[in-house]
Amino acid sequence: MRVELQDLSAGLHQTQPILQHLSLKIQQGEQIALIGPSGAGKTTLLHVLGLALAPQSGCIRHDDRDYWALRSVTRHQARSRVMIAPQTPPLPPRQRVVTAVHAGRLAFMGFWASLRAWIAPGNLQDIQDVLAEFDLTDKLFERVDRLSGGERQRVGLARLAWSLADLWLVDEPLAALDPVRARQAMQVMTRMAKEREITLVASFHQVDLALEFFPRVIGLRDGSVFFDAAPQDIRHEDIVALFENEQG
Amino acid sequence: MNTARSDFRAPQYDPALRGRVIALSILVLAVWKMSQLTEFDWIGLIHAFSDPAPRAFLLSFFPPAHSIVFLKLAILETWRTVAIATCGLFIAGLVGFPVAIVLTRVLSLSAIGKTIEASSWISRGMRGVLRSSMIFLRSVPELIWALLLVRVVGLGPTAGVLAIAITYSGMLGKVYAEIFESVDQAPILSLLNQGGSRLQSFAFGLLPQCSDELISYTVYRWECAVRSSVILGFVGAGGLGQQMDLSMKMFAGNEVCTLLLMFVILVSFADWMSKTLRKVWA
Amino acid sequence: MNPRIVAIFSLLMMVVASFASLDLNLSAFFEPDAMSSMGRFVSEFLHPDLQSVFLYKVFLASLETIAMSALSTLIAAFLGLLIAFKARGVRPLLNILRSVPELVWASLLLIAVGLGPFAGTLALALHTTGVLGRLYLEAIENQTEGPAFALSAAGASPAQVFFFARLPQALPQLVSYTVYRWENNIRAAAVLGVVGEGGLGQMLSFHLGLFQMNKAATVIAATLILVTLVDSVSDRIRRYLG
């Protein structure tokens with residue numbers, strides 16, 4: 001999926017949009033890392049890319065279509081092709097992993113199919129394989145609230161991998177993972193995205209992993225693009241300047 | 001192409017499935033059996049939506065009866081319902097309040113200087129009896145008391161007042177006692193140790209600390225009593241409930257409608273009164 | 001003037017007015033006739049009828065009462081879920097359903113469907129739907145938005161969001177409320193029988209009407225046992241849910 005932003009401003013509050021006059025072009029199959037200090041607007045940008053937040057000015061086009069100008073039904077259908085994986089895994093505590101992962105394809109299941117999946121989940125082997133990628137092999141029927149924080153985050157990523165979206169928007173996917181697992185997860189995600197030609201945009205607080213795994217890194221600061229380049233073209237001073245005066 | 005196929009063969013079925021199927025079957029079986037026991041007419045219910053007779057019944061409610069004669073009657077009965085509740089609760093308070101004082105261990109004279117548990121066995125025994133009586137009084141639903149009393153003192157508000165008085169004295173007694181026990185004991189003990197009487201220590205040490213809670217709970221119970229009073233009317237204890245019962249038996253839909261509206265107004269009024277009183281008191 | 005004094009004064013006035021406007025004959029309760037009847041009742045009460053034939057009837061009536069309470073709670077839970085899902089503009093209906101006491105519903109339905117436990121079950125179901133519907137609505141609204149938002153942003157329909165996010169999150173709370181209402185409905189079912197809706201209540205009213213105090217005592221005892229049983233079962237379930 002291609003995405004293009006033109007002079008876009010967006011935010012939760014009418015008066016002070018976090019994102020200011022942003023322009024961006026994302027090609028099909030690109031993998032982009034988003035870095036920047038807290039409050040820079042990384043999460044907001046991901047939500048805008050995911051059709052979950054309407055722009056206050058400017059426009060955003062997915063595959064050359066401005067979904068905010070179309071009917072809400074059309075827009076909702078388009079949402080099935082983009083998927084946001086939030087920072088806190090959005091999993092109901094008492095739900096089992098198998099059902100939580102199944103939920104990744106809800107948009108493609110009719111009402112009765114989803115009801116059946118809710119009562120008696122199928123596709124067990126396939127879901128098992130996805131979980132295996134994230135090293136969650138024996139957690140298929142485990143309850144989400146019985147998992148550790150890191151495991152829960154990986155279930156969130158597994159749900160993303162199970163979905164049929166071709167734009168993945170991942171918000172701080174490594175926050176709860178230790179360094180070893182973080183690298184593993186990163187390898188799996190980027191490999192999958194490349195194999196399936198999925199456009200991947202992920203935000204990070206860990207700059208080193210971002211620079212290592214992604215061919216394009218966007219630095220966001222105060223709602224504007226601070227730099228947008230390949231890792232080899234980014235100087236150390238740029239990074240320092242990006243995070244200058246960051247609080248906390 | 002998946003390079004990592006799991007070598008853990010997933011079970012062919014979901015382990016929770018068996019449990020769910022069993023639970024579902026039990027549920028279906030239970031609903032079927034219970035429908036039999038309660039003579040639940042599912043088919044009739046579905047038909048009722050298309051049947052003209054129920055619709056006619058509903059339509060008979062409108063317009064609500066609004067003749068001056070009937071409105072006067074409705075308002076009078078509404079007031080009588082409130083009166084029954086007020087009298088009943090008042091008597092319940094007369095009984096419950098002293099009982100609660102007696103039940104309050106901190107006021108026990110025989111316990112001064114020793115731990116509370118060391119009060120004399122007489123006073124402990126008496127407390128036990130009182131507590132059980134309060135529990136008994138409030139466990140039997142007031143409707144049953146009303147049924148009994150109607151046969152003893154006849155139809156009319158007396159039975160209603162007594163039924164409410166009996167049940168609610170149990171409730172008030174128990175909760176008042178709990179409120180008294182939850183209060184800071186130091187001021188009370190100091191008054192007792194100075195030689196003050198139990199009543200004095202109560203009035204000057206205990207009561208000021210919890211008057212808010214007492215009022216709040218009592219007013220809440222008054223609201224409940226008003227509702228109870230309507231229900232008791234159905235077994236002959238007077239008031240709005242009795243009139244509703246009469247109108248229903250006469251199939252006077254429009255009268256029932258007016259009375260229901262009066263009931264809603266009454267409940268809202270009671271709610272308002274309780275809020276205002278609580279605010280004024282604080 | 002101190003508002004408290006005003007309040008106390010008005011309350012006292014209200015109490016006086018109440019007593020004055022009803023022609024109570026409380027003394028009738030203490031008259032020798034009444035006292036001796038009460039005495040007779042009490043003594044008969046203390047010798048409940050325990051013959052096996054009668055006990056069997058009481059047992060059947062208890063089953064009917066349990067069935068009334070459980071079935072009505074189940075129906076209300078189902079309807080309550082539907083209503084909680086629909087969520088918009090539904091509060092006025094719920095308020096009507098829950099403000100009208102079960103007994104009033106029951107009497108209305110008696111006219112419509114006739115005597116027997118069907119009317120009682122229906123009445124309880126209607127009233128409980130109002131109560132549970134509102135409780136369900138609030139429980140679901142109080143959940144965190146995260147899971148629901150994520151699914152919705154991925155293109156799931158509102159029904160799917162309900163089943164895969166909102167409902168699972170709120171389920172323990174919903175079950176707790178439902179079990180609590182079942183506790184309440186057992187009492188209500190016993191009482192509704194009094195107006196002819198079957199179960200223990202109808203038996204009680206019948207025997208009290210014939211002044212058969214010993215039989216009435218058995219029925220009341222059975223009611224108390226039933227209520228205690230349901231209370232403890234429901235307590236255990238709710239504690240298990242944590």
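A residue is called buried here if 20 or more other C-beta atoms lie within 10 Å of its own, exposed if 12 or fewer do, and partly exposed in between, with C-beta atoms placed from the backbone. By that count Asp64(A) is exposed, because it has 8 C-beta neighbours inside 10 Å.

The model is predicted, so local features need pLDDT of at least 70 and side-chain atom pairs count only at pLDDT 80 or more, while totals for chains, interfaces and linings use all residues. Residues are numbered from 1 along each chain as its sequence is written, and chains are lettered from A and ligands numbered from 1 in the order in which they are written.

**A strand of chain A**

Helices (H or I, at least four residues) and strands (E, at least two) are DSSP runs, numbered from the N terminus. A good place to begin is strand E6 (residues 167-171) of chain A: five of its five residues are buried, so the strand is largely enclosed by the rest of the structure. Leu167(A), Leu169(A) and Asp171(A) cover one side of E6(A), and Trp168(A) and Val170(A) the other.

Two strands pair if DSSP finds at least two bridges between them. E6(A) pairs in the parallel sense with strand E5 (residues 82-85) over four bridges, and Val170(A) is the bridge partner of Ala85(A). With strand E7 (residues 199-204), E6(A) also pairs in the parallel sense, over five bridges; here Leu169(A) stands opposite Val201(A).

E6(A), helix H7 (residues 179-195) of chain A and E7(A) form a right-handed β-α-β unit. Right-handed means that, with the strands pointing away from the viewer, the path from the first strand over the helix to the second runs clockwise.

**Chain B and its contact with chain C**

Chain B has eleven helices and zero strands. Of its 282 residues, 39% are buried. Two residues are in contact if their C-beta atoms, placed from the backbone, lie within 7 Å. Among contacts in chain B with a separation of 6 or more, 74% join residues 24 or more positions apart.

The contact between chains B and C takes 46 residues from chain B and 47 residues from chain C. The chain B side divides into 35 nonpolar, five polar and six charged residues. For that tally, Ala, Val, Leu, Ile, Met, Phe, Trp, Tyr, Cys and Pro count as nonpolar, Asp, Glu, Lys and Arg as charged, and the others, Gly among them, as polar.

Now look at H10(B). Seven of its ten residues are buried, so this helix is largely enclosed by the rest of the structure. Among the buried ones are Leu240(B), Gln243(B) and Met244(B). The buried residues of H10(B) pack against H4, H9 and H11 of chain B together with helix H6 (102-113) of chain C.

**Residues with a positive phi**

Most residues other than glycine have a negative phi. The table lists some exceptions.

| Residue | Phi | Place |
|---|---|---|
| Asp64(A) | near 65° | loop between strand E4 (57-62) and helix H2 (72-78) of chain A |
| Glu39(B) | about 50° | loop between H1 and helix H2 (42-48) of chain B |
| Phe251(B) | about 55° | just after H10(B) |

Glu39(B) counts as partly exposed because it has 16 C-beta neighbours inside 10 Å.
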